[in-house]
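Welcome! Take a moment to turn the model around on your screen, and then let us walk through it together, one piece at a time.

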Amino acid sequence: MIEAIIFDCDGVIIDSEVIYLESLVDYLKTLSIDCTIKDVQLVVGKPILDIATTLQKQFNLYDYTLDEIIIGQRKVFHERFYNSPLSPMQGLVEFLDSCSSKNIKIAVASSSQEGYVVDLLERFNIKKYFNVIVTGEQVTHGKPAPDIFLLASNKLGINKKNTVVIEDSYNGINAGINAEIFTIGFKGSKLVQDTSNANIEAYNFKEVEQIISTL
């Protein structure tokens, strides 16, 4: 019986992955780098330092420090993101209500900064559902390492065998699998990602709820 659920944030709580990748492409254009979303898609789910390191190596950006790359891409993302209409993923609030009625504990485990995650939960008036919030600053090794999900699981105090991870990214799914927690590959985002390593896939929260009811 499932007693706890650990959510990723971007791509699960909010459909933000496309916005992020579009902003990343725009940022790279300011550095005279022409690329497409497909060229940078595999950074999704990684912590920001790992993303900056990957970009520096992939596009030979050694004239820029990692801090400059981090600050630059965050600036472009925040401008695009906070000027976009923001809403929770379709069906999320109803699913959270259902989990709450069943006394299922809920956590979010995101590579993003704590301030960003908390702000979104408060904007959507859903922070009250989350017993635990874990973000990238709290772990040494980011996704696809299992650290962030193991920490969330420990904070929830629920056996991993009775816990589910909901993830949308390739790196996040691998983190859930590496943590030895049953992982649902969520495909409700506009961004099509490789979720083949998940234990099972779901296209919306109704499907997620049906899956959980069978575990």
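Let us begin with a pair of charged side chains: Glu167 and Lys143 form a salt bridge, with their closest N and O atoms 2.6 Å apart. A salt bridge here is a side-chain nitrogen of Lys or Arg within 4 Å of a carboxyl oxygen of Asp or Glu. Glu167 sits in strand S4 and Lys143 in the loop between S3 and H7, so this pair links distant parts of the chain, 24 residues apart. The labels follow DSSP runs: helices are H or I with at least four residues, strands are E with at least two, and both are numbered from the N terminus.

Before going further, a word on the model itself. This is a predicted model, in which local features need pLDDT of at least 70 and side-chain atom pairs count only at pLDDT 80 or more, while totals for chains, interfaces and linings use all residues. Residues are numbered from 1 along each chain as its sequence is written, and side-chain values use heavy atoms, with hydrogens and water left out.

Is Glu167 buried or exposed? Glu167 is buried, because its relative accessible area is 0%; buried means under 20%, exposed over 50%, and partly exposed in between, using a 1.4 Å probe and protein chains only. Lys143 is buried too, at 1% relative accessibility. Lys143 also forms a salt bridge with Asp8, where the closest N and O atoms are 3.1 Å apart. That second pair again links distant parts of the chain: Asp8 lies in the loop between strand S1 (4-7) and helix H1 (17-30), 135 residues from Lys143. Asp8 counts as buried at 6% relative accessibility. Put these together and you have Asp8, Lys143 and Glu167 linked in a network of salt bridges.

How many salt bridges are there by this rule? The count comes to eight. Another one joins the side chains of Glu22 and Arg80, at 3.1 Å from N to O. Glu22 belongs to helix H1 and Arg80 to helix H4 (residues 66-81), and the two are 58 residues apart. Both ends of this bridge are partly exposed: Glu22 at 30% relative accessibility, and Arg80 with a relative accessible area of 29%.

Now find the sheet. Six strands form an open sheet in the order S3-S2-S1-S4-S5-S6, and the pairing is parallel. Two strands count as paired if DSSP finds at least two bridges between them. Strand S3 (132-135) and strand S6 (200-202) stand at the edges, each with a single partner strand, so one side of each has no neighbour in the sheet. From one strand to the next, the twist averages 25 degrees. As background, strands of a sheet pair through backbone hydrogen bonds, either parallel or antiparallel. Look at strand S2 (residues 105-110) and S3, which pair in the parallel sense over four bridges. Val108 has Ile133 in S3 as its bridge partner.

Next come the helices that lie across the strands. Helix H6 (residues 114-123) lies across S2 and S3, running at about 145 degrees to S3. Helix H8 (residues 170-178) lies across strand S4 (163-167) and strand S5 (182-186), at about 165 degrees to S5. Axes are lines fitted to C-alpha atoms, for helices over the stretch in contact, and angles run from 0 to 180 degrees between N-to-C directions. Contact means heavy atoms within 4.5 Å.

Helices also meet each other. Helix H5 (residues 92-101) and helix H9 (residues 205-214) pack at an angle of about 25 degrees, with their axes 9 Å apart. That makes H5 roughly parallel to H9; angles under 35 degrees count as roughly parallel, over 145 as roughly antiparallel, 65 to 115 as roughly perpendicular, and the rest as oblique. Leu92, Phe95 and Ser98 in H5 meet Phe205, Val208, Glu209 and Ile212 in H9.

For another arrangement, turn to helix H3 (residues 48-58) and H4, whose axes come within 9 Å and cross at roughly 105 degrees. H3 is therefore roughly perpendicular to H4. Among the residues that meet here are Ile48 and Leu55 in H3, and Leu66 and Ile70 in H4.
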